[in-house]
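Work through the exercises below with the sequence and the coordinates open. Try each task before reading its solution.

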Amino acid sequence: HLEIGVGVARPDGVDHTTSDVIRLAMNGAREALSTGVGLVVQSASSESREERKQRIERSLASALDGARDGMRIILQPNVDAWTQEIVGAEALLRFRCPALGDVSVVELLAAAARTGERERGDRWVLGLTAEQQSRLARDGERALPVSVNVRWETIASPTFPEFMWGLLTEYGIGAELLSIELREAEAIERVAALPRPLAALH
């Protein structure tokens, strides 16, 4: 079985040396081979975008490995429409790359998808949310329910129930303070398969 990746270098108004052109073509060929698209046209601007992707991927992996550099959550309040009281919140992941600054959620999720880190990212947010809920309780603050939006693959993992119970035990918080939300589109697609992983969490 033979696989071929073709890279084409395209000057984009920038003075290029022969080695620059060869590097662009080689990078394009490697990307074409790794993605299976067959042919990729590389320019200095596309190379810059690729370098940005790789930096985000490396920084994300480092953060998830325990460094936590740049990783944080913010809480978006849920307000009761009738009483106007805050009744809970949703945990949202934010990321600041040490080299690039703030990274958009779109870029972050795309990097996690490319590197197979989506489930680990979901678990990281759940863990940090549980830790924050525990800290509020220790400080005598009123803790409100916080929801975390996760992917179907995360919930369906055989080890997920054990992971969740481990979080609740480690941080000493009640299950009512940490809720899980499945993205609407995924819930509709997987509605028939939902009972099994949900039953394991009860």
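**Exercise 1. A threonine in a helix**

Does Thr129 count as buried or exposed, and at what relative accessibility?

Solution. The model is predicted. Start with the location: Thr129 lies in helix H4. Next, take the relative accessibility, which is 2%. The cut-off for buried is under 20%, so Thr129 counts as buried. Now list the contacts, leaving aside neighbours within four places in sequence. Thr129 is in contact with Ile73, Ala91, Val146, Val148 and Leu178.

**Exercise 2. The helix around it**

Find the span of H4, then examine Gln133 and the residue with a positive phi just after the helix.

Solution. H4 covers residues 118-138, 21 residues in total. From its first C-alpha to its last it reaches 31 Å, close to the 30 Å expected at 1.5 Å a residue. Gln133 is also found in this helix. Its relative accessible area is 2%, so Gln133 is buried. Beyond its neighbours within four places in sequence, Gln133 is in contact with Ala143, Leu144, Pro145, Val146, Ile173 and Leu177. Val146 thus appears in the list for Gln133 and in the list for Thr129. Just after H4, Gly140 takes a positive phi of about 80°.

**Exercise 3. Strand order**

Trace the pairings that involve S4 and S6, and give a bridge partner for each.

Solution. Go one pair at a time.

- S3 (residues 71-79) and S4 (residues 86-97) run antiparallel, joined by 9 bridges. Asn78 has Gly88 of S4 as its bridge partner.
- S4 and S5 (residues 101-103) pair in the antiparallel sense over 3 bridges. Cys97 has Gly101 of S5 as its bridge partner. This pair forms a hairpin with 3 residues between the strands.
- S4 and S6 (residues 146-150) run parallel, joined by 3 bridges. Glu90 has Ser147 of S6 as its bridge partner, and Ala91 stands opposite Val148.
- S6 and S7 (residues 178-182) pair in the parallel sense over 5 bridges. Asn149 stands opposite Glu181 of S7.

Now put the pairs together. S4 pairs with S5 and is bridged to S3 and S6; S6 in turn pairs with S7. Finish with the cover on S6: 4 of its 5 residues are buried, so the strand is mostly covered.

**Exercise 4. An unusual backbone angle**

Which residue in the hairpin of S3 and S4 takes a positive phi?

Solution. The hairpin has 6 residues between its strands. Gln84 is found in this loop. Its phi is positive, about 65°, although Gln84 is not a glycine. Most residues other than glycine have a negative phi. Then check the accessibility. Gln84 has a relative accessible area of 57%, so it is exposed.

**Exercise 5. From H2 to the core**

Start at Ser59, follow its contacts to S4, and go on to the largest nonpolar core.

Solution. Ser59 lies in helix H2 (residues 44-67). It is buried, with a relative accessible area of 15%. Outside its neighbours within four places in sequence, Ser59 is in contact with Phe95, Cys97 and Pro98. Take Phe95 further. Ser59 and Phe95 are 36 residues apart in sequence, and their C-alpha atoms are 9.5 Å apart in space.

Phe95 leads to the largest nonpolar core, which has 34 residues. The residues with the most contacts inside it are Leu60, Met71, Phe95, Trp124, Val125, Leu126 and Val148. Look at Met71. Not counting residues up to four places away in sequence, Met71 touches Leu60, Ala63, Leu64, Leu93, Arg94, Phe95 and Trp124.

**Exercise 6. The whole chain**

How many helices and strands are there, and where is confidence lowest and highest?

Solution. The secondary structure comes to 8 helices and 7 strands. Of the 202 residues, 33% count as buried. The accessible surface is about 12200 Å², with 55% of it belonging to carbon and sulfur atoms. Among contacts with a separation of 6 or more, 66% come from residues 24 or more positions apart.

Then turn to confidence. The average pLDDT is 79, and 69% of the residues score at least 70. Helix H8 (residues 195-201) is lowest, with a mean of 58. Helix H6 (residues 160-171) is highest, at 92.

Methods
Residues are numbered from 1 along each chain as its sequence is written. This is a predicted model: local features need pLDDT of at least 70, side-chain atom pairs count only at pLDDT 80 or more; totals for chains, interfaces and linings use all residues. Side-chain values use heavy atoms; hydrogens and water are left out. Helices (H or I, at least four residues) and strands (E, at least two) are DSSP runs, numbered from the N terminus. The expected span of a helix is 1.5 Å times one less than its number of residues. pLDDT is the predictor's confidence in each residue, from 0 to 100. Buried means under 20% relative accessible area, exposed over 50%, partly exposed in between (1.4 Å probe, protein chains only). Contact means heavy atoms within 4.5 Å. Two strands pair if DSSP finds at least two bridges between them. A nonpolar core is a set of buried Ala, Val, Leu, Ile, Met, Phe, Trp, Tyr and Cys residues joined through side-chain atoms within 4.5 Å. Accessible areas come from the Shrake-Rupley method with a 1.4 Å probe; for residues, only the protein chains shown count as cover.
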